[in-house]
Amino acid sequence: MYYFIQAAFITVFFSSIPANLFSQIDSIAKPDSVLLKQIEQQIKSSEPPLPPAQVRTAPSTLPDISVIGDFQASYKNNVKRNFNAGINEAELSLQSVVDPYARADFFFTVGKDPATGKFSEDLEEGYLTTLSLPAHLQLKVGKFKSAMGRINPVHSHALPFISLPNAYENYFGEGINDEGISLSWLVPNSLFYQELVVQLTDGPIDNPSFSRSVGNTYLELAHLKNFFDLSSNATLELGFSGITGANFFDLRTNIAAMDITYKWKPVQFNTYQSFTWQSEAYFSNANISKDKVVNSFGMYSFINFQFSKRLFFTGMYSYSNKPYSASTVENSYSTTIGWYATEFQKLEIEGKTTSSNVEKEQNQILLRWIFVIGTHGAHQY
Amino acid sequence: MKLKIVFILLACIGTSAVNATKINVVTTTADLKSITELIGSDKVDVSSIATGYQNPHFVDPKPSYIIKLSRADMFVTVGLDLETGWSPQLLSSSRNPKIQKGSNGYVDTSVGVTLLQVPSSINRGEGDIHIYGNPHYWLDPVNGKQIAKNICDGLEKISPENKAFFEANLKAFNTKIDLKLKEWTIKMSPYKGVKIIAYHNEWCYFEQRFGIIIVDFMEPKPGIPPTPSQLVKIISEVKSNAIKVIISSPYFTTSSSDVVSKQTGAKTIILGTSVGAFDSIKDYFDLFDYNIDKLIQGLN
């Protein structure tokens, strides 16, 4: 009540003062006059007190550090040991700008070998990216995930499903992350986003389609990404990739791939609702002897619905041959329900069935709990 | 027909020549866009990444934003860690050395702002705590002056020949803030000490400037959706303090505050957190005009 009266008084007081009164006071009164001091005091008392001067959090040259835990439990039929549970992988990331010209990103993993149960460490990725090359170019050197399609560049913990699509796994295993050099060019296209990436790497050591050649055959990759804003809420991405490199037979495998992703996310309520449809197709041309070539095909397609802030649903279908066997046909279906507690923790449960013309039908139920401590960089859109 | 085509082509060339002389600015939020336009006037061409009705913490880093950033002369950010989930990735993908942190074209408008709620220690168990302090500082119009000064300094670095022009606009901006502040303060003075509930902890600067008291938040912790036990607590607080209003933002659903409203009669009011949140909020001054009028309307 006191404040109300005081505020009302000040309001009436000021509104009744002619606009030029202050200049009159200034011109006729001494600066230290009692009246001036009283006015200043009243103005001060009508304003909220300012907090004391503060020191901001001490700056640090330490990189952003995070650890991601990936706990998994599974039930699989048609295997000797049906139940498994434990830490599948722990990832340590260190990310920072190096200087005005480059940034560096390192991802170390400690993963469990499903066969032996033993943990082993690996450098999943470690690369330097330039920030200031001319002509919208960006250079990356080190060990990195190849820029092929939509799944390969993404770390598994950021995917909305637990088990990789059969088509992807049959052609690329756990993915291509290889050592070499990558050059990306932002195409000066004012109509839509277009990025061309070319990469030259050593060739993966353990991959279904490619091997590290003892000779001078390297893994060559080109990827063209086209991104369209259909509206403020919807986007479409079309990607085309070509990869060629040495295979298990020390001959050449060529893979052409394309990806398509449609995303709908209302700008205003983007944390509550979203829909994604993503598909990739792989056309493989593998030379397995001087006079024998295997042409095979694989694809997957999934939809991901976000029902509420925390609840997600993913349904996926995959069709796949194998790189060296066009007659093998695998069909798989999976559904995943994800509960995202916060940006730092999510729990997912997945059911998957795979039928094949060469193996028994396999059914599995998977549970995954992902959690992160520390500061982890954002993933690509 | 041929003449028409030639005319259109000439018009296009003419337009691009005019645009070429302007400073191309990309801001993270619509408030910064508005203030940059007021300071830079016809010398700048400004676009904002986030819209006014979007949660600035959670903007999707679409590749199309990279195109804008790759051509920008200046990047203006709220800073602290408001945009940490999306702007660093966009900046490093832009391949534009002019706007990287530390360059002349990188403007952090939080510089010089007295921050509130600066934590002495960080624990994610407390929810989404901002390590440098609460980043919603533009919701105090006095901080708008510091934001404008930082933007003016940035523009002067890029275009020193227009220094006098920018500073004249800054002076006009500050004068208008002072005038409007008097008007807003007078309007809000009867409501000093009035208690309200807020959905998310983003109003502390507004609260301090205009003397309202936010008793509690719908979110039990920043970033954590309202829980049943939190709603019970809020209902009890609303009743015991005779609270009339729950304030929220355009990007939060009102389902939980509607529950409280039904139980207590308190009104849920959606205020604008940024320019463009509603059609009538066209610039930084409209933001406070809208919020103050709306709040007073609710409290009455």
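**Exercise 1.** In this predicted model, work out how many bridges join β5 to β7 of chain B and which way the two strands run.

*Solution.* Start with the residue ranges: β5 covers residues 195-198 of chain B, and β7 covers residues 245-248. Now look for the links between them: 2 bridges join the pair, and the strands run parallel. To pin one down, take B:Ala198, whose bridge partner in β7(B) is B:Ile247.

**Exercise 2.** Place that pair in its sheet, and say why one side of β6 and one side of β8 of chain B lack a neighbour there.

*Solution.* First, write out the strand order: β6-β5-β7-β8 of chain B, an open sheet of 4 strands with parallel pairing. Next, check the ends: β6 (213-217) and β8 (267-270) sit at the edges with a single partner strand each, so each has one side with no neighbour in the sheet. Going from one strand to the next, the twist averages 35°.

**Exercise 3.** Find which strands helices α8 and α10 of chain B lie across.

*Solution.* Take α8 (residues 228-241) of chain B: this helix lies across β5 and β6, at about 155° to β6(B). Then move on to α10 (residues 284-299) of chain B, which lies across β7 and β8 and runs at about 175° to β8(B).

**Exercise 4.** Which element of chain B gives the most residues to the side that touches chain A?

*Solution.* Begin with the totals: 42 residues of chain B and 37 of chain A take part in the contact. On chain B's side, the elements giving two or more residues are α3 (63-70), α4 (87-93) and α7 (204-210). The winner is α3(B), with 5 residues. Finally, sort chain B's side by type: 19 nonpolar, 17 polar and 6 charged.

Conventions:
Residues numbered from 1 in each chain as written. Chains lettered and ligands numbered in written order. Predicted model: local features only at pLDDT ≥ 70, side-chain atom pairs only at ≥ 80, totals over all residues. Pairing = 2+ DSSP bridges. Axes fitted to C-alpha atoms, helices over the stretch in contact; angles between N-to-C directions. Contact = placed C-beta atoms within 7 Å. Nonpolar A, V, L, I, M, F, W, Y, C, P; charged D, E, K, R; others polar.
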